[in-house]
Amino acid sequence: MRILVTGGAGFIGSNFIRHMLAMHPEHTITNLDKLTYAGNLENLKDVEDLPSYAFIKADICNNTIIDSLEFDAIINFAAESHVDRSILDSSPFLQTNVIGTQSLLEAAKKRSCRMLHVSTDEVYGSIDWGFFTEESPIMPNSPYAASKASSDLLVRAYHETFGMDLTITRCSNNYGPYQFPEKLIPLVISSALQGRQIPVYGDGRNVRDWIHVNDHCRAIDLVFHRARAGDIYNIGGRNEQMNIDIIKSLLAMIAEKTGTDKETLFGLITFVKDRPGHDRRYAIDPTKIETTLGWEHETDFDKGLSETVDWYLANRAWWSRIISGEYLNYYTSQYGEGFGR
Ligand code: NAD
Ligand code: TYD
């Protein structure tokens with residue numbers, strides 16, 4: 001199968017492409033990515049020369065380019081993905097996450113091809129107790145979550161109206177290698193390694209369900225190959241953690257691994273004004289994917305967190321370039337404008 005993966009230069013997309021190329025040599029992958037601030041081709045350096053992989057720099061909203069490509073299926077990761085940025089300016093979120101998804105749905109419709117849309121548990125909103133299932137109502141609270149919920153509704157509508165082979169996955173918070181250092185876990189690690197303050201929003205007791213990106217990638221692989229048209233799957237790690245607990249675990253690990261004084265690192269924790277509309281707790285029930293597709297999360301959280309710290313320690317050049325802004329010039333210096341093959 002010729003698979004068009006969109007947003008493959010980002011965190012989850014790049015891990016997914018590496019997973020698919022290793023596990024499914026029968027497929028070829030074209031990675032279409034606009035290379036926004038979050039897209040980084042360094043994430044895929046180790047696979048860029050494989051004959052089964054190609055990259056195209058393009059916007060998912062650009063129907064002309066998408067129509068010129070040949071593919072049998074789409075997996076859509078492309079999105080503006082950071083809640084804080086959506087609070088500052090929601091426009092790119094509506095453009096990419098909503099209009100972009102509609103553009104891909106039109107491309108899939110023309111070819112009668114299947115599309116898997118990668119979504120988030122944030123579409124359900126916050127829940128004080130219990131768990132969201134796939135049947136729970138969509139109640140997004142941030143502009144990011146609202147844009148993802150809108151795209152989910154479009155996918156549903158295209159399936160219902162045109163009978164298209166469309167599926168949706170809704171995953172909880174991912175962590176692992178190549179995550180952009182604006183998100184909590186890489187932000188804490190990179191800040192601690194630079195001796196910078198670590199901002200904790202509100203009281204730090206907000207809860208997220210954390211899952212290793214590799215477990216998410218295996219789940220998407222399964223849903224892509226085995227789900228029925230119209231299916232929605234929650235993907236979660238059955239691993240609820242308070243932000244402040246994760247931050248303290250990370251700092252303790254960094255202290256031990258680097259020989260830095262633990263109290264000095266803990267002194268970087270800085271409670272700041274809460275994020276507006278900050279969801280208190282995300283919790284999803286992944287029973288459906290466990291029972292119908294036989295998936296389960298495999299990565300133990302403490303082990304996964306420790307390996308993630310090791311990765312950021314070993315790949316300081318990767319995140320230092322991002323933090324310095326140097327990476328923005330990387331593509332033009334390496335490849336020139338509008339490269340692709
Ligand atoms: P990311 O921000 O790291 O990567 C997004 C990628 O999309 C980047 O490579 C970027 O260049 C690309 N992109 C953005 N706008 C584009 C456009 N208009 N056209 C083409 N490419 C564009 O995000 P991520 O964390 O890897 O998330 C990937 C997907 O998974 C998103 O759809 C997100 O909503 C979803 N998701 C993320 C998480 C998480 O914890 N990170 C959890 C559940 C779901
Ligand atoms: P984030 O990684 O932005 O993911 P999301 O908001 O999509 O769940 O944030 C995870 C949690 O960490 C969330 O409750 C907000 C909190 N947070 C902080 O306390 N400080 C920070 O600097 C960041 C980026 C997040």
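Me: In this predicted model, where a residue counts as buried under 20% relative accessible area and as exposed over 50%, is Leu35 buried or exposed?
Reply: Leu35 sits in the loop between strand S2 (28–33) and strand S3 (53–57), and its phi is positive, near 55 degrees, although the residue is not a glycine. The cut-off for a buried residue is under 20% relative accessible area. Leu35 has a relative accessibility of 12%, and therefore it counts as buried.

Me: Which loop holds Arg238?
Reply: Arg238 is a residue other than glycine with a positive phi, of about 45 degrees. Its place in the chain is the loop between strand S10 (232–235) and strand S11 (240–242).

Me: Which side chain has a polar atom 2.5 Å from an oxygen atom of ligand 1?
Reply: Around ligand 1 there are 28 residues, and those that come nearest are Ile12, Asp33, Ser81, Tyr144 and Lys148. A polar backbone atom of Phe11 is 3.0 Å from an oxygen atom of this ligand, while a polar side-chain atom of Thr96 lies 3.0 Å from one of its nitrogen atoms. The side chain with a polar atom 2.5 Å from an oxygen atom of ligand 1 is that of Asp33.

Me: How much of the accessible area of ligand 1 does the protein cover?
Reply: A polar side-chain atom of Asp33 and an oxygen atom of ligand 1 are 2.5 Å apart. On its own, ligand 1 has 840 Å² of accessible area, and the share of this that the protein covers is 97%.

Me: Which element gives the most residues to the shell around ligand 1?
Reply: By class, this shell is made up of 13 nonpolar, 11 polar and four charged residues. Two or more residues come from each of helix H1 (11–23), strand S5 (114–120), helix H5 (143–162) and strand S7 (173–175). The element that gives the most, with three residues, is S5.

Me: What is the distance from a polar side-chain atom of Glu122 to an oxygen atom of ligand 2?
Reply: Glu122 is among the residues that come nearest to ligand 2, together with Pro199, Arg208, Arg275 and His278, out of 17 around the ligand. An N or O atom in the side chain of His278 is 2.7 Å from an oxygen atom of ligand 2, and a backbone N or O atom of Tyr201 lies 2.9 Å from an oxygen atom of the ligand. For the polar side-chain atom of Glu122, the distance to an oxygen atom of ligand 2 is 2.5 Å.

Me: Which element supplies the largest share of the shell around ligand 2?
Reply: The shell around ligand 2 holds seven nonpolar, five polar and five charged residues. Helix H6 (184–194) and strand S8 (198–201) each supply at least two residues. The largest share, three residues, comes from S8.

Me: Why is H6 described as largely enclosed by the rest of the structure?
Reply: The buried residues of H6 are Ile185, Pro186, Val188, Ile189, Ser190, Ser191, Ala192 and Leu193, and the helix is followed by Gly195, with a positive phi near 70 degrees. H6 is largely enclosed because, of its 11 residues, the number buried is eight.

Me: How much space lies in the largest cavity?
Reply: A search of the whole structure finds three cavities of 30 Å³ or more. The lining of the largest cavity includes Glu122, Arg208, Arg275 and His278, and these four are also among the residues that come nearest to ligand 2. The lining divides into three nonpolar, four polar and four charged residues, and the space in this cavity is about 60 Å³.

Me: Which element gives the most residues to the lining of the second largest pocket?
Reply: The second largest pocket holds about 190 Å³ of space and is lined by 15 residues, of which Arg156, Ile168, Arg170, Gly230 and Ile232 lie nearest its centre. Two or more lining residues come from each of H5 and strand S6 (166–171). By class, the lining has six nonpolar, three polar and six charged residues, and the element that gives the most to it, with six residues, is H5.

Technical notes
Residues numbered from 1 in each chain as written. Chains lettered and ligands numbered in written order. Predicted model: local features only at pLDDT ≥ 70, side-chain atom pairs only at ≥ 80, totals over all residues. Heavy atoms only, no water. Near = heavy atom within 4 Å. Polar contact = N/O pair within 3.5 Å; in protein donor to acceptor, adjacent residues only side chain to side chain. Helix = DSSP H or I, 4+ residues; strand = E, 2+ residues; numbered from the N terminus. Nonpolar A, V, L, I, M, F, W, Y, C, P; charged D, E, K, R; others polar. Buried < 20%, exposed > 50% of the residue type's maximum accessible area, 1.4 Å probe, protein only. Areas by Shrake-Rupley, 256 points an atom, 1.4 Å probe, with all protein chains shown as cover. 1 Å grid on protein atoms, 1.4 Å probe; cavity = no way out; pocket = protein on both sides within 12 Å on 5 of 7 lines; lining within 4 Å. Points joined across faces, edges and corners; volume = space filled by probe spheres on them.
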